[in-house]
Amino acid sequence: MVVLISIILLAPLTAFAVYALLGLANKGNPRQDVLSTFAMLAAFICSILLFWQIDPKPVPLTIDWISLGSITFSMGFYLDSVTVIMLIVVTLVSSLVHIFSMGYMHGDPRYPRFFAFLSLFSFSMLFLVVSDNLLGIYIGWELVGLCSYLLIGFWFEKDSAANACKKAFLTTRVGDVGMFVGMMMLFTKFKTLSLYDGANAGIFTLVEGLSGTGDMLWLSVAGILIFCGAVGKSAQVPLHTWLPDAMEGPTPVSALIHAATMVAAGVYLTARMFPILTTSSSLVIAYVGGITAIVAATIAIVRFDIKRVLAYSTVSQLGFMMLAIGAGSYVAGLFHLTTHAFFKALLFLGSGSVIHAFHAMHTHHDEEHTDDANHEHDDHSLVHEHGSEIPPDQDMRNMGGLRRKMPFTFITMLIATLSISGVPFIFSGFWSKDKILGGVLERAMEWNSIHHYILFVIALIAAGITAFYMFRLIFMTFFGEPKNQEMHEMAHESPWVMTVPLLVLAFLSFPVVNHLWFNKDFVKPPMQHHIHAPEHAQVLPDSKTHNTEFSLAFLGVSEANAAEGEENGHDSAHGADGHHGHSPAHTIAMILSIIVAGFGILLSWLFYHKRRLSAEAVSTTFRPVYNLFWNKYYFDEFYDGVLVALTVWKSRLYAQFDGSVVDGIVNGVGTVTRDVFAAFTGFFDNSVVDGIVNRIAEVTWTIGGRIRRIQTGAIQTYLFVVIGGIVLIILIFRVL
Amino acid sequence: MEITLKTLIFYGFALMTIGSAFAVVTVRNIVHAAFALMVTLFGVAGLYVFLQADFLAATQVIVYVGGILVLILFGVMMTSGRLQMRIHIERGQLILGGGITLALLMLLLTVIANTPKWKNLSDDGTVFVPTTSRIGKLILNEAFLLPFEIASVLLLVALIGAALISRKEIRD
Amino acid sequence: MDFKNNIESILYFTPEILLIIFAASVIILDLFVKNKDSHKVAYLSLVGLVCTLVATLYISSYIADSSLSLFWGMIRLDKFAIFFKILLVLATSATILFSLRSEEIDVGLKGEYYALLLAVTLGMFLMASSTNLLMIFISLETVSLTSYILAGFLTHSPRSSEAAFKYITYGAVASGTMLFGLSLLFGMTGTGNLAEISQQLPEVLAAGEITGLGLLIAITFILAGIGYKIASVPFHMWSPDVYEGAPIPITAFLSVASKAAGFALFLRFFYTGFQAEGILQSVDWSLLLAVVSALTMTIGNLAALPQQNVKRLLAYSSISHGGYLLMGGVLLTPEGLGAILFYLVVYLFMNLGAFFVVVLVANESGSEMIESYRGLSTRAPLVAAAMLIFLFSLTGIPPFAGFFGKWLLFTAVIGKGMYWLALIGLLNSVVSLYYYARIIKAMYFESSDEEESFSFNKSTFALLSVFVIPTIFIGILNILYNYSDKITLQ
Amino acid sequence: MTLQHYLVISAILFSLGIFAVLTRRNAISILMGIELILNSCNLNFVAFSRFVTPPENIDGQIIAIFGIVLAAAEAAVFLAIILAIYREFGSIRPDEVDTLKG
Amino acid sequence: MLLSLMIFVPLLGMVVVLLLPRESEELIKRVTLLFTFIPLILAVYLFITYDRSTAASQYIANITWIEKFNINYHVGIDGLSVTLMLLTALLGPICVIASWRNIEKGIKAYMALFLMLETGMLGFFAAMDLFLFYVFFELTLLPMYFLIGVWGGPRREYAAIKFFLYTLFGSVLMLVAMIAVYLASGDPGARTFDIPTLIALASTEGHALNSLNFQIWVFLGFFIGFAVKVPIFPFHTWLPDAHVEAPTAISVILAGVLLKMGTYGLVRINMAMFPLGLDRFTNGSDFWGYSLALLGFINIVYGSFCALAQTDFKKLVAYSSIGHMGFVILGLAARNDTGVSGAILQMFNHGVISAMLFLLVGVLYDRAHHREINRFGGIGSKMPIYTGITTLAFMASLGLPGLSGFVGEALSLLGAFAKYKTLTILSTIGIVVGAAYFLWTLQRVFLGKLNPDYEDIPEINKREILTLVPLGILTILLGVFPHIIIDMFSVSVTELTNSLTEAIGTFQANL
């Protein structure tokens with residue numbers, strides 16, 4: 001087990017280290033692609049092997065990492081079924097992306113580096129997944145952020161890529177800081193960051209001690225802060241803006257990092273932290289997830305950039321997962337995570353294939369962006385979506401009719417689309433989405449909670465919209481007549497290294513692994529999360545918890561709870577997840593979800609295939625709504641605006657201020673800081689601190705000059721000083 | 001204190017000393033000042049006599065009047081043309097100097113008036129004893145031999161120095 | 001009091017007598033030396049100083065730890081006096097060596113020059129050992145008069161004459177004032193002997209026969225004379241002008257030897273005369289001295305800031321060092337005394353060393369301005385390095401001796417709770433860095449228009465090292481600390 | 001003719017001397033002022049010797065004698081320097097001898 | 001003996017260098033390298049043989065120096081000092097190599113001064129006698145002044161004198177405090193400068209040193225002395241100037257070691273010796289009780305924002321140093337195991353990382369002859385290795401987990417959070433801003449389209465890589481295995497925090 005996990009982690013790390021060492025010696029590694037891919041495949045195989053060895057009652061494998069007096073920080077792995085499933089998902093998708101990239105990235109001047117970064121990413125992601133403690137998770141967490149940064153900015157000559165990678169890193173880091181503060185809160189309370197019981201009790205055990213005490217509010221805050229990390233990483237509202245921009249990276253990166261794995265890490269983290277989530281923090285998470293789902297879905301409707309449609313789709317789907325966890329459907333969330341990982345990776349790779357087809361030369365990153373690259377102000381983040389700003393090879397308006405040219409791509413993408421749209425029964429996406437909707441509705445009914453009813457409705461609408469925009473994508477890309485003949489001529493099916501991964505993923509978009517999640521012997525019963533009665537849930541129960549029974553049980557940690565779980569718990573009516581079988585809520589949810597999905601597909605068909613309805617007409621009719629969607633709810637503008645408001649006092653500089661002149665969030669911060677703070681530091685350091693010092697020096701110097709002036713050179717002046725001095729001394733000391 | 005001839009003479013000397021000293025510091029002609037200084041020096045010599053310091057009075061006359069004053073007059077003649085006989089003074093400097101001097105004087109007078117040790121000490125009734133031989137003994141044989149010898153070195157130094165600095169002039 | 005009479009005292013007076021003899025011999029030898037460039041007289045005076053030093057050391061070992069009152073109590077021979085005598089001989093020897101190298105000193109008047117140097121040393125010897133008001137005054141005047149002449153020694157230099165003129169005018173007024181103060185003190189106690197005065201004063205004060213004001217006036221007047229020797233505020237104003245105008249060796253001499261002798265006088269006067277309880281209560285002498293000390297270092301330092309002439313800059317710097325030294329004396333504690341003595345030794349080496357560099361640079365470049373130090377680090381690296389060490393030592397930066405000296409002084413002050421004075425002193429040393437650094441900047445950070453390097457012979461470097469080595473090692477090595485501790489006043 | 005008489009005379013002489021030194025813009029006048037100061041000191045010593053110390057103790061007088069000697073020596077050097085100044089600056093006004101300053 | 005050898009070998013090297021002829025520059029460099037290598041070897045030996053299980057100081061040499069004042073040449077190392085001596089010894093040879101080519105004039109004097117500097121630094125960290133401590137503290141001042149003033153940039157004179165004056169100002173206040181402590185340590189004759197003795201006395205009930213009022217004042221005296229060195233706001237303005245003007249290797253030493261002298265002093269003197277004074281400024285009960293943490297917070301936020309506003313690459317790194325030292329202060333203010341350990345680890349790590357950063361800036365400056373961030377652009381495609389190493393250094397500096405910068409920062413914050421909730425949370429702004437300025441710099445310098453001016457910019461050469469690789473390895477190694485360093489000092493820190501708690505507790509119990 002230790003050997004396997006070591007291989008899983010070290011194989012990709014070694015691949016990266018080889019690259020780094022050779023690079024340092026200024027020798028490129030021509031076969032980095034093979035090395036990385038094999039490393040990844042090895043990790044995948046080991047993950048599969050690990051799958052069979054999984055201990056039903058896992059114990060963390062830990063070592064003491066840092067010992068400080070009474071406090072020890074340990075590092076270790078915790079391998080339970082969820083972990084292993086994640087490992088398999090990550091290694092599998094990663095392997096496929098590696099293979100795909102061998103075709104997609106072929107001919108890139110930094111081809112080896114790409115694979116090295118992918119390896120580093122894989123290592124970080126795997127480390128995150130297996131860590132048994134918050135510190136380890138945080139380490140992996142930041143490392144995947146780094147890799148995301150490096151890979152988004154892989155074509156860093158493009159200013160938009162350079163901006164996007166920075167924006168991605170910084171935006172997620174805002175969330176990470178929240179997570180870190182949350183960690184500090186937990187650490188201060190529990191003196192440990194281990195989650196599970198090892199040599200000492202972990203947080204999940206210790207948190208029981210808080211039950212019923214006044215610390216519940218505190219725990220809620222800590223939970224929400226930890227969740228902040230997930231908000232950043234999983235691109236939840238309001239920190240979602242980086243993900244669409246992150247599409248500046250190579251498409252395989254988008255598939256691996258920004259669809260399947262890293263962004264899902266937030267969901268994974270939230271799920272992992274489930275035992276410490278209180279009712280109110282859960283509700284916050286649920287709302288954030290729900291809002292994200294609907295907001296991103298609506299934005300996706302009006303995008304034309306194929307990758308951005310997928311990006312917003314990803315955001316939306318991540319919202320679903322968060323909603324599930326927030327609503328207590330822990331397993332549903334994770335289940336959707338896995339299914340989504342496959343079909344969304346497939347969609348991205350498919351789109352990559354399309355883009356590749358349109359642009360076999362792989363030089364687009366050098367060409368399209370030269371025209372309006374603007375060095376004066378680092379202003380790119382805002383206007384990507386406007387017409388010509390979309391790279392032509394990604395603009396769906398240039399596509400159409402590709403299904404004949406690229407049959408493999410078409411079919412695989414169609415499968416994925418059917419899956420994500422929730423087409424019933426034979427596609428995995430249907431099942432996972434249904435679990436979520438069902439879970440939320442169940443919670444709502446069970447608690448009679450208005451919040452959860454609202455969330456259910458939101459989720460349902462979002463699901464419908466998902467079906468709509470996904471089919472819009474399919475119709476615009478693969479059906480109809482080619483819009484751009486020239487480009488259409490160039491298009492061709494991708495080489496086998498690219499299509500094989502597509503096929504594998506397409507296979508996985510069918511419900512082939514679903515049963516894993518519903519095997520009670522394998523996936524331990526999730527939280528016996530005794531969430532309160534709804535009235536408490538609605539009115540911030542933490543303030544009242546001291547007189548409310550509140551208990552937490554844990555996934556595979558507490559034997560008692562595990563046992564209870566196997567017997568379906570002492571409170572099976574509250575069992576939050578689908579493995580209890582279909583309750584009425586689930587049935588209702590399933591029916592409704594089929595209806596909305598069908599409706600969405602139908603609308604899409606009418607709009608974009610049959611042209612019975614005119615998208616233009618609708619958008620004109622609902623101009624304000626359209627604008628809202630088109631401008632992505634003005635989130636970027638909002639960030640810019642807030643920051644700009646800070647600079648209003650410097651209006652002279654910004655006399656010609658105009659919303660579109662201002663940067664994206666990071667550049668906004670940068671600009672504001674540069675101007676305001678440069679002025680301030682200039683003022684403060686030079687005028688106040690140095691100023692005081694200089695003033696003192698000046699005064700000293702002046703006094704020196706004055707004293708010099710007394711030294712007139714005339715001896716009688718000196719004598720005056722002598723005699724006057726004597727008189728003064730006598731007078732002063734007589735007075736004293 | 002009854003007014004006797006002795007006191008009259010004393011006050012005469014006192015007035016002469018102070019008056020001429022006042023002239024020294026006020027007259028605008030340097031030669032006049034030099035002569036006023038002579039009177040002051042004589043006056044002080046007179047006071048020495050009243051203090052029964054006979055040898056000292058003689059020394060005062062000889063050294064000061066005979067030596068220093070002549071030196072000063074030579075100095076005046078060598079450095080001052082007719083036009084430079086007038087001593088420059090400036091009003092501001094005068095006022096400031098006068099002020100400081102007055103303050104100093106007031107302080108000194110306060111001390112003199114308020115020091116019990118110095119009060120009511122009169123010289124009536126003591127017998128005059130010539131001091132010269134005692135001075136000679138003290139200087140040459142007793143406590144003051146060392147100062148005497150050092151003073152001789154000092155005078156030698158002054159001699160050499162004055163000559164040296166003057167020689168500069170001669171060689172020019 | 002156990003006074004030695006004149007005959008008994010002669011033997012103990014040998015060093016001074018040797019000085020007189022050699023001073024006379026120098027003048028006589030000068031008559032026979034035909035070659036004007038010959039340095040014979042200088043060497044003879046050096047021999048004289050060496051003899052004096054040997055005699056002093058011999059007497060020192062002879063009297064051991066006891067102390068003698070010579071010539072009916074006129075002077076006192078104790079460790080304190082011997083310490084200063086050694087110090088002064090060293091300073092004078094250094095001055096003579098500087099003079100040998102300086103091109104300022106008129107070749108025609110060497111005999112007088114060296115004789116005067118020996119005479120002034122004699123005066124300083126006496127200043128360090130006088131215990132009688134008359135002796136104090138005579139020794140002070142001997143030193144002063146000789147100094148006036150030496151300051152005005154340069155032929156064809158109006159600046160030198162001006163220096164002498166200012167010096168003598170100032171000195172005469174100051175010493176006149178002092179004499180008046182001495183006369184008041186004499187009137188209050190009826191005696192000229194310091195030891196008796198120190199007995200009498202508390203008694204008459206306690207008996208109410210004299211007032212605090214009277215004592216204050218007397219002491220302040222006397223302070224004018226002493227203060228002008230050590231150049232303390234407000235009696236310091238002569239020194240920048242005189243230092244600037246006088247020949248550099250004399251400036252060095254005045255700034256070190258004259259100041260040291262002044263401190264000897266100051267210490268003996270205050271330590272023996274003003275230790276008694278009653279006096280300290282009449283007027284807050286410590287506060288008075290502390291204020292004077294603080295003002296002295298502050299004004300000296302501040303006025304040094306804008307100076308362009310290195311000699312003048314060092315003049316102000318030596319004023320401020322007078323302030324530091326005075327700091328040790330404000331509380332009249334034994335620690336303070338030890339600190340002052342230690343610092344004087346350190347100061348001797350570092351300040352003389354700095355002036356020696358000024359001599360060397362003035363010889364080569366003909367200027368005393370800071371500009372002429374530009375690029376010294378390349379033109380004469382060793383000299384520049386030596387100057388650097390002196391300046392850092394003057395600033396008080398470890399590991400150079402100046403730091404250890406200052407440290408002792410501050411310890412003495414803080415030991416009695418005068419934190420404010422220590423703080424002023426320390427802040428002053430920060431200020432002082434600023435102007436010392438200007439010289440360093442010129443030497444090291446700027447380059448000269450002229451590239452050719454200065455040529456100095458080996459003996460110059462040997463002499464330089466005589467100052468550099470102690471400046472580096474006095475503080476680090478544990479030698480002088482114990483010695484300076486044993487020097488007490490009786 | 002008490003001690004205080006002499007002391008007052010002496011104090012006045014001293015003050016006048018100081019006054020001369022401070023205000024007279026002539027080097028020789030300054031010298032005269034100095035002589036006044038020294039005289040006042042001598043007078044003090046002699047007076048104290050007469051009144052304060054025991055009659056047989058004439059230390060004060062002897063100090064005064066030395067004072068006179070020193071005054072003479074000082075005057076000699078002073079005048080020599082005045083001559084030098086006169087030669088270099090063509091003036092003996094102290095305010096005109098001010099090249100060294102600052 | 002071993003310790004003394006380590007301290008004075010560079011000084012011996014200085015003498016040797018001075019004796020070499022000025023013309024044989026290669027020889028001089030090699031000799032210097034040799035003499036900086038010996039301390040490194042010794043430091044490694046110390047690192048291996050140091051007994052980590054005890055807080056007592058080891059390798060003690062105690063020789064009477066100035067008997068009269070009971071001053072001893074007392075050197076010894078505990079966990080804290082050995083850590084920083086290791087850092088110093090490590091940076092020594094690296095700086096010599098970094099100076100190999102780009103010191104054009106006066107290489108002899110440069111190397112001699114550098115060796116003197118190293119002696120000062122090593123001695124400072126080893127000194128166990130307050131007087132010796134101060135002497136070594138000041139001893140670093142002189143060479144630094146010249147190294148900046150002679151070999152620096154265009155405004156070097158200004159920067160040098162500013163550095164000197166600021167530091168001297170601080171150190172004179174320290175001197176006053178030091179003398180006060182000495183005088184209060186006992187009756188005449190029984191006074192001492194011995195740091196362990198003084199620490200013991202300061203916690204002894206009824207001793208003059210164990211007075212709250214006294215401790216507050218001497219604490220302040222020492223604190224200002226060290227604060228200038230750290231530098232703590234508002235004494236920081238010398239730092240950017242000094243860094244901008246100093247030659248690369250000197251910036252490395254300045255940021256790498258000299259700043260640590262301030263924080264080391266805070267731990268060694270202010271924390272250990274004046275528990276009551278420390279308590280006054282860190283008890284968290286009123287404004288003064290927050291003041292130390294507040295200063296840490298200001299340093300973090302102010303330094304970070306200032307860095308964000310810079311356009312000069314080196315100045316940016318300099319301000320980032322200010323920010324990072326803020327974490328040290330914050331960790332120390334927490335005065336618990338976690339915080340103090342974090343602070344010390346951060347000292348070491350910041351030494352390594354900032355050394356890297358300054359070396360990297362130097363590499364770029366040597367090629368472009370300017371440091372204006374906005375005038376670069378896209379050079380990542382021309383200098384991939386350089387870009388890679390820079391990214392590593394930046395990531396380490398912005399506290400990326402897995403690299404060394406993170407651990408110290410995180411521990412400091414964790415420690416501080418236990419005591420100062422709000423301030424610590426606010427301080428995390430520094431983490432975000434830290435990422436912002438580094439990434440923005442990365443973008444402006446390396447990403448985007450290549451500035452045509454740098455079409456031919458040469459890649460980083462072997463010598464430069466040689467200076468960076470050991471530091472890079474350490475950065476990664478200590479990010480993954482921080483206990484290598486932490487184990488060195490954790491016992492000492494525990495001892496320190498325990499005795500602090502005890503001393504404060506005893507004092508308060510007696511109130």
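**Exercise 1. The fold of chain E**

Compare the radius of gyration of chain E with the value for a compact globule of 511 residues.

*Solution.* Step 1: the radius of gyration is taken over C-alpha atoms, and the globule rule is 2.2 Å times the number of residues to the power 0.38. Step 2: for 511 residues this rule gives a value near 24 Å, and chain E has 22 Å, so the two agree. Step 3: along the principal axes, the C-alpha atoms of chain E fill a box of roughly 75 × 55 × 40 Å.

This is a predicted model, in which local features need pLDDT of at least 70 and side-chain atom pairs count only at pLDDT 80 or more, while totals for chains, interfaces and linings use all residues. Residues are numbered from 1 along each chain as its sequence is written, and chains are lettered from A and ligands numbered from 1 in the order in which they are written.

Step 4: pLDDT is the predictor's confidence in each residue, from 0 to 100; chain E averages 88, and 100% of the residues score at least 70. For the complex, the predictor gives an ipTM of 0.87 and a pTM of 0.86.

**Exercise 2. Secondary structure and burial by chain**

State how many helices and strands chain E contains, and what share of its residues is buried.

*Solution.* Step 1: helices (H or I, at least four residues) and strands (E, at least two) are DSSP runs, numbered from the N terminus. Chain E holds 21 helices and 2 strands. Chain C has 21 helices and 2 strands, and chain A has 30 helices and 2 strands.

Step 2: a residue is buried if 20 or more other C-beta atoms lie within 10 Å of its own, exposed if 12 or fewer, and partly exposed in between, with C-beta atoms placed from the backbone. On this basis 69% of the 511 residues of chain E are buried. For chain C the share is 70% of 490 residues, and for chain A it is 60% of 736 residues.

Step 3: two residues are in contact if their C-beta atoms, placed from the backbone, lie within 7 Å. Among contacts between residues at least 6 apart in sequence, those joining residues at least 24 apart make up 80% in chain E, 80% in chain C and 82% in chain A.

Step 4: a compact globule of 490 residues would have a radius of gyration near 23 Å, and the 22 Å of chain C agrees. The C-alpha trace of chain C spans about 75 × 55 × 45 Å along its principal axes.

**Exercise 3. Two helices of chain E**

Is helix α6 (residues 141-151) of chain E enclosed or open?

*Solution.* Step 1: 11 of the 11 residues of α6 of chain E are buried, so this helix is largely enclosed by the rest of the structure. Step 2: its buried residues include E:P143, E:Y145, E:G149 and E:W151.

Step 3: for a second helix, take E:L308, which lies in α13 (residues 287-309) of chain E. E:L308 counts as buried because it has 26 C-beta neighbours inside 10 Å. The C-alpha atoms of E:L308 and E:W440 are 8.4 Å apart, although 132 residues separate the two along the chain.

**Exercise 4. The largest nonpolar core**

Which residues touch the most other members of the largest nonpolar core?

*Solution.* Step 1: a nonpolar core is a set of buried Ala, Val, Leu, Ile, Met, Phe, Trp, Tyr and Cys residues joined through C-beta atoms within 7 Å. Step 2: the largest has 784 residues, of which A:A345, A:A459, D:V77 and D:I81 touch the most other members. Step 3: helix α15 (residues 334-365) of chain C gives the most to this core, with 23 residues. Domain 1 (5-141) and domain 2 (142-172) of chain B each contribute at least three; these domain bounds come from an automatic or database domain assignment.

Step 4: leaving aside neighbours within four places in sequence, the contacts of A:A345 include A:V93, A:A255, A:L256 and A:L505.

**Exercise 5. Two interfaces**

Give the composition of the side of chain D that touches chain B, and of the side of chain C that touches chain A.

*Solution.* Step 1: the D–B contact takes 62 residues from chain D and 74 residues from chain B. On the chain D side, α1 (3-23), α2 (27-51) and α3 (59-89) each supply at least two residues, and α3 gives the most, with 22 residues. Step 2: Ala, Val, Leu, Ile, Met, Phe, Trp, Tyr, Cys and Pro count as nonpolar, Asp, Glu, Lys and Arg as charged, and the others, Gly among them, as polar. The chain D side thus classed has 46 nonpolar, 10 polar and 6 charged residues.

Step 3: 26 residues of chain C are in contact with 21 residues of chain A. The largest share of the chain C side, 6 residues, comes from α9 of chain C. By class, this side divides into 21 nonpolar, 2 polar and 3 charged residues.
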